[in-house]
Amino acid sequence: MLLAMIRKEFQQLLRDPVMLRMALIAPAVQLLALGYAANLDVTSIPMVLVDQDRSAESRQLARDFTGSGYFELVGSEESTGALEPWLEGDRAQIGLVIGR
């Protein structure tokens, strides 16, 4: 029964050239349009920095994080204990701690 209905629908589709074009072109247009619209890249994550080392290497590491485009430096603190208000208050989503 189902196979007969599928066969009938395909025969009807092949008889109507306008409908055949629509059946082939519409999904292709949707695929192209929505394929470029859906962007799942995560960028500009608010980050707070605790740099306990304060060396050239630690500053370079922090620059590498912010320069990647994935993280945005929204503040810096002296100790790890000061990170909690940033994270709980939703001012930052991640804390980067660079130890001594």
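Contact here means heavy atoms within 4.5 Å. With that in hand, the predicted model can be walked through from one tryptophan to the central strand and its neighbours.

Trp-86 sits in helix α4, which covers residues 83–88. Leaving aside residues up to four places away in sequence, Trp-86 touches Val-48, Val-74, Gly-75, Glu-77, Arg-91 and Ala-92. Its relative accessibility is 12%, and because the cut-off for buried is under 20%, Trp-86 counts as buried. Val-29 offers a contrasting view of the chain: Trp-86 and Val-29 are 57 residues apart in sequence, and their C-alpha atoms lie 45 Å apart in space.

Attention turns next to strand β1, residues 45–51, where seven of the seven residues are buried. The cover extends to both faces of β1: Ile-45, Met-47, Leu-49 and Asp-51 are buried on one side, and Pro-46, Val-48 and Val-50 are buried on the other. Strand β1 has two pairing partners to describe. Six bridges join β1 to strand β2 (residues 71–77), and these two strands run parallel. Within this pairing, Ile-45 is found opposite Phe-71 of β2. From β1 the chain passes through α3 to reach β2, a β-α-β crossover that is right-handed. Strand β3, residues 94–98, also pairs with β1 in the parallel sense, here over five bridges. Leu-49 has Leu-96 of β3 as its bridge partner.

The side chains of these elements also come together in nonpolar cores. In general, nonpolar side chains tend to be buried together in soluble globular proteins. The largest nonpolar core in the model has seven residues: Ile-45, Met-47, Leu-49, Ala-62, Phe-71, Leu-96 and Ile-98. Two or more residues of this core come from each of β1 and β3, and β1 gives the largest share, three residues. Leu-96, one of the core residues, touches Met-47, Val-48, Leu-49, Val-50, Ala-62 and Phe-65, again not counting residues up to four places away in sequence. Apart from the largest core lies another, of five residues, among them Val-50, Leu-83, Trp-86 and Ala-92.

Helix α3, the helical part of the crossover, deserves a closer look. Its twelve residues should span 16 Å at 1.5 Å a residue, and the C-alpha atoms at its ends are indeed 16 Å apart, so the two values agree. Ser-58 belongs to this helix, which comprises residues 56–67. With a relative accessible area of 2%, Ser-58 is buried. The side chains of Ser-58 and Asp-51 are joined by a polar contact of 2.9 Å, and Asp-51 is itself one of the buried residues of β1. Beyond four places in sequence, Ser-58 touches Asp-51, Asp-53 and Ile-98.

Finally, some backbone angles merit a mention. Gly-69, which follows α3, has a positive phi, near 90°. Ser-44 is not a glycine, yet its phi is positive too, at about 55°. Ser-44 is placed in the loop between α2 (17–37) and β1, and a relative accessible area of 42% makes this serine partly exposed. Arg-54, another residue other than glycine, likewise has a positive phi, near 55°, and is located in the loop between β1 and α3.

Technical notes:
Residues are numbered from 1 along each chain as its sequence is written. This is a predicted model: local features need pLDDT of at least 70, side-chain atom pairs count only at pLDDT 80 or more; totals for chains, interfaces and linings use all residues. Side-chain values use heavy atoms; hydrogens and water are left out. Helices (H or I, at least four residues) and strands (E, at least two) are DSSP runs, numbered from the N terminus. Buried means under 20% relative accessible area, exposed over 50%, partly exposed in between (1.4 Å probe, protein chains only). A polar contact is a pair of N or O atoms within 3.5 Å; within protein, one must be able to donate a hydrogen and the other to accept it, and residues adjacent in sequence count only if both atoms are side-chain atoms. The expected span of a helix is 1.5 Å times one less than its number of residues. Two strands pair if DSSP finds at least two bridges between them. A crossover is right-handed if, with the strands pointing away from the viewer, the path from the first strand over the helix to the second runs clockwise. A nonpolar core is a set of buried Ala, Val, Leu, Ile, Met, Phe, Trp, Tyr and Cys residues joined through side-chain atoms within 4.5 Å.
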